[in-house]
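Subject: Handing over a structure

Dear colleague,

I am passing on the structure below, which you have not worked with before. Please look through the sequence and the coordinates at your own pace, and then read the notes that come after them.

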Amino acid sequence: MAVKSFSSSVKRKKFLTRFFTYAYLLILSIVILFPILVTVSSAFRPGNTTAFIFDLNSNFTLNNFKRLFTETLYARWYLNTLIVAFFTMVIQVAVVTLTGYAYSRYNFFGKKKSLLFFLVVQMVPTMAALTAYFVMAWLFNALNQYWFLILIYVGGGIPMNAWLMKGYFDTVPYDLDESAKLDGAGHLRILWQIVLPLVRPMIAVQALWAFMGPFGDFMLAKFLLRSQENYTVAVGLQTFISDAKNQKVTLFAAGAILISVPICILFFMLQKNFVSGLTKGGTKG
């Protein structure tokens with residue numbers, strides 16, 4: 001009797017665990033997917049609306065996407081953002097990777113204090129430094145210049161990402177470095193041929209994060225880019241809905257959907273590195 005009672009209690013707990021797990025996942029899916037469905041519905045909606053509408057019964061059209069490239073500066077904004085995102089990704093990945101490797105493999109004066117300094121800097125939100133960034137851009141004649149915006153993106157990504165890269169480099173056994181040194185390999189060869197293949201998953205993650213940043217940033221780009229021709233896509237899209245009397249919601253929705261295209265392409269290009277890199281790392285380590 002006691003065994004049956006215990007068995008039923010275990011089954012009840014398993015049922016409740018599964019029920020609340022699936023209920024949580026269902027609610028989370030609705031919260032995530034509903035705004036996407038509203039945006040997609042508005043993007044393919046004919047004409048123009050003053051608010052986002054979720055209506056699957058209306059006729060769908062691609063005219064809003066055509067208007068983006070014929071009636072607005074969206075193509076220019078898109079190209080601007082791709083340029084900023086690409087150089088931000090390349091520079092940040094290179095700097096963060098080398099920084100994380102140095103902190104993981106070498107001992108030098110101020111190592112612990114500088115790592116602590118990275119954490120302190122990360123606690124200061126970007127919004128708190130907007131005025132300082134503007135003054136710096138004005139002093140260096142860098143307003144409306146992409147190079148300054150890229151440097152700020154890279155600098156803002158170094159502190160926390162350097163910590164993450166250091167932690168990932170720490171998971172690679174140092175015995176591999178020692179074995180390579182015995183075989184006559186130098187520091188750069190050890191980094192390039194031994195260590196980097198094992199940390200490829202984190203490098204891929206860093207690249208994706210760095211590339212996504214400029215597509216979603218509004219405040220910093222709005223502060224530093226002064227002319228419409230130089231806007232990034234986030235700042236440009238905001239102009240479609242900034243005027244309460246002339247909101248272009250359907251164009252905004254169409255432009256928002258197109259933002260995801262290069263990010264998805266990069267994700268699928270890097271996806272094999274997430275899997276194969278982890279597998280190789282586990283085997284060689």
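The notes that follow go through confidence, the annotated spans, the nonpolar core, the aromatic pairs, the salt bridges and one loop.

Please keep in mind that this is a predicted model, so the question of confidence comes before the details. The protein chain has an average pLDDT of 84, and 90% of its residues score at least 70. Among the helices, α3 has the highest confidence, with a mean of 94, while helix α12, covering residues 249–284, has the lowest, with a mean of 76. Over residues 276–285 the pLDDT stays under 50, and for that stretch the model has 16 contacts beyond four places in sequence. As a general caution, predicted coordinates should not be read in detail where pLDDT is low.

The UniProt record, an unreviewed entry, places the feature "transmembrane region" at residues 21–44, 77–103, 115–140, 146–169, 190–212 and 249–270. For two of these spans I can say how they look in the model: residues 77–103 are 100% helix, with their end C-alpha atoms 38 Å apart, whereas residues 190–212 are 83% helix, with their end C-alpha atoms 30 Å apart. Neither of the two contains any strand, the value being 0% for residues 77–103 and likewise 0% for residues 190–212.

Turning to the interior, the largest nonpolar core has 64 residues, and Tyr-74 and Leu-149 are those with the most contacts inside it. Helix α6, which covers residues 146–170, gives the most to this core, with 11 residues. Leaving aside residues up to four places away in sequence, Tyr-74 touches Leu-68, Phe-69, Val-233, Leu-237, Gly-255, Leu-258 and Ile-259. Tyr-74 is buried, since its relative accessible area is 0% and the cut-off for that label is under 20%.

Tyr-74 also leads to the aromatic residues, for which the count comes to 16 pairs. The ring centres of Phe-69 and Tyr-74 lie 5.6 Å apart with their planes at 85°, and the pair is therefore edge-to-face. Phe-69, at 45% relative accessibility, is partly exposed, in contrast to Tyr-74, which is buried. Another edge-to-face pair is formed by Phe-134 and Phe-223, at 6.1 Å from centre to centre and with 85° between the planes. This second pair links distant parts of the chain, as Phe-134 belongs to helix α5 (residues 130–139) and Phe-223 to helix α10 (residues 219–224), 89 residues apart. Phe-134 is partly exposed at 28% relative accessibility, and Phe-223 is also partly exposed, at 30%. Finally, Phe-69 and Tyr-74 belong, together with Tyr-78, Phe-211 and Phe-215, to one aromatic cluster.

The charged side chains give a count of three salt bridges. In the bridge between Asp-177 and Arg-105, the closest N and O atoms are 3.0 Å apart. Here too distant parts of the chain are linked, with Asp-177 in helix α7 (residues 174–182), Arg-105 in helix α3 (residues 74–105), and their positions 72 residues apart. Both partners are buried, Asp-177 with a relative accessible area of 2% and Arg-105 with 11%.

The other bridges each stay within a helix. Glu-71 pairs with Arg-67 at 3.3 Å between the closest N and O atoms, and because these residues are four apart in helix α2 (residues 63–71), about one helical turn separates them. Glu-71 is exposed at 55%, while Arg-67 counts as buried at 18%. Asp-170 and Lys-166 meet at 2.9 Å, N to O, and they too are four residues apart, about one turn, in helix α6. Asp-170 is partly exposed at 39% relative accessibility, but Lys-166 is buried at 15%.

A last point concerns the loop between α5 and α6, where Asn-141 is found and where Asn-144 also sits. Phi is positive in both, although neither is glycine: the value is near 55° for Asn-141 and near 70° for Asn-144. Asn-141 counts as exposed, at 66% relative accessibility.

With kind regards

Conventions:
Residues are numbered from 1 along each chain as its sequence is written. This is a predicted model: local features need pLDDT of at least 70, side-chain atom pairs count only at pLDDT 80 or more; totals for chains, interfaces and linings use all residues. Side-chain values use heavy atoms; hydrogens and water are left out. A nonpolar core is a set of buried Ala, Val, Leu, Ile, Met, Phe, Trp, Tyr and Cys residues joined through side-chain atoms within 4.5 Å. Buried means under 20% relative accessible area, exposed over 50%, partly exposed in between (1.4 Å probe, protein chains only). Contact means heavy atoms within 4.5 Å. UniProt positions are given in the numbering used here, feature names are shortened, and annotations may be inferred rather than shown by experiment. A salt bridge is a side-chain nitrogen of Lys or Arg within 4 Å of a carboxyl oxygen of Asp or Glu. pLDDT is the predictor's confidence in each residue, from 0 to 100. Rings of Phe, Tyr and Trp (its six-membered ring) pair if their centres lie within 6.5 Å; planes under 30 degrees apart count as stacked, over 60 as edge-to-face and the rest as tilted.
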